[in-house]
Amino acid sequence: MNPALILEHLLIVLLTVIATIVVGLPLGVLAYLSPSARRPIIWAVEILQTIPALALLGLIMVVAGAGKATVVAGLTLYSMLPVMHNTYLGLSEVSPAIKEAAVGMGMTSFHRLVNVELPIAFPVIFTGIRIATVTAIGVAVFANAVGGGGLGSMIARGIHTQNMRLILYGTLSLMVMAILFDSVMACIETRLHRHRRS
């Protein structure tokens with residue numbers, strides 16, 4: 001087992017999740033606020049999701065070269081759908097009565113969005129972040145193909161040398177990582193939804 005590869009894989013996932021939130025959340029807000037922009041945004045993000053991850057990384061590598069930046073960019077585009085969609089969905093589900101109460105208190109549209117709607121929608125948004133995180137953990141195995149490293153390099157080396165131990169180590173590490181992150185985030189998600197209901 002190579003701890004450095006696990007840490008490298010986690011770094012790729014962390015950077016991807018941060019970038020996915022930075023890009024996906026504003027797109028979800030824009031889709032919520034602008035009916036004219038909603039369909040093009042959803043269409044574009046859904047199209048990206050249909051492109052095989054390895055092919056998407058290869059296309060970006062042709063333009064930007066190999067390396068971790070290419071991996072993070074590709075995984076961000078591939079993982080953006082759940083964050084964008086859940087942001088839009090969570091904001092759309094905020095009760096009209098709560099929105100009217102905020103307007104009655106004299107809040108502007110911006111303050112209502114930031115102080116009322118986004119906090120109420122956050123449990124649903126967090127569900128999207130959870131899905132994007134688990135997706136990134138699995139898809140990041142392709143990072144090795146475009147010079148990004150991570151656990152994919154261990155699995156690829158095991159395949160090339162027909163070393164079953166390396167393949168199993170890499171695969172089990174990915175499984176444990178995905179299960180651990182999913183379980184922890186599921187607990188947080190449950191608490192967020194419980195707090196929202198209360």
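Buried means under 20% relative accessible area, exposed means over 50%, and partly exposed lies in between, with a 1.4 Å probe and protein chains only. The exercises below concern a predicted model, in which local features need pLDDT of at least 70, side-chain atom pairs count only at pLDDT 80 or more, and totals for chains, interfaces and linings use all residues. Residues are numbered from 1 along each chain as its sequence is written, and side-chain values use heavy atoms, without hydrogens or water.

**Exercise 1. Overall description**

State which secondary structure elements the protein contains and what its C-alpha trace spans.

Solution. Step 1: helices (H or I, at least four residues) and strands (E, at least two) are taken as DSSP runs, numbered from the N terminus. On this basis the protein has 8 helices and 0 strands. Step 2: along the principal axes, the C-alpha trace spans about 70 × 35 × 20 Å. Step 3: of the 198 residues, 42% count as buried. Step 4: the protein exposes about 10,400 Å² (Shrake-Rupley method, 1.4 Å probe), and carbon and sulfur atoms supply 71% of that area. Step 5: with contact meaning heavy atoms within 4.5 Å, residues 24 or more positions apart account for 76% of the contacts with a separation of 6 or more.

**Exercise 2. The packing of α6 and α8**

Determine how helix α6 and helix α8 are oriented to each other, and which classes of residue make up their contact.

Solution. Step 1: axes are lines fitted to C-alpha atoms, for helices over the stretch in contact, and angles run from 0 to 180 degrees between N-to-C directions. Helix α6 (residues 109-139) and helix α8 (residues 164-197) pack at about 175 degrees, with axes 9 Å apart. Step 2: angles under 35 degrees count as roughly parallel, over 145 as roughly antiparallel, 65 to 115 as roughly perpendicular, and the rest as oblique. The two helices are therefore roughly antiparallel. Step 3: α6 contributes residues including Phe 122, Phe 126 and Arg 130, while α8 contributes residues including Phe 181, Asp 182 and Met 185. Step 4: the contact comprises 16 nonpolar, 3 polar and 4 charged residues, where Ala, Val, Leu, Ile, Met, Phe, Trp, Tyr, Cys and Pro are nonpolar, Asp, Glu, Lys and Arg are charged, and the others, Gly among them, are polar.

**Exercise 3. Salt bridges**

Identify the salt bridge partners of Glu 117 and of Asp 182, and state where Arg 130 and Asp 182 lie.

Solution. Step 1: a salt bridge is a side-chain nitrogen of Lys or Arg within 4 Å of a carboxyl oxygen of Asp or Glu. This rule gives 5 salt bridges. Step 2: Lys 99 pairs with Glu 117 at 3.9 Å, N to O. Lys 99 lies in helix α5 (residues 96-104) and Glu 117 in helix α6, 18 residues apart. Step 3: Arg 112 also forms a salt bridge with Glu 117, with closest N and O atoms 3.9 Å apart. Lys 99, Arg 112 and Glu 117 are thus linked in a network. Step 4: Glu 117 is buried at 2% relative accessibility, Arg 112 is buried at 17%, and Lys 99 is partly exposed at 21%. Step 5: Arg 130 pairs with Asp 182, their closest N and O atoms being 2.7 Å apart. Arg 130 is in α6 and Asp 182 in α8, so the pair ties together parts 52 residues apart in sequence. Asp 182 is partly exposed at 27%.
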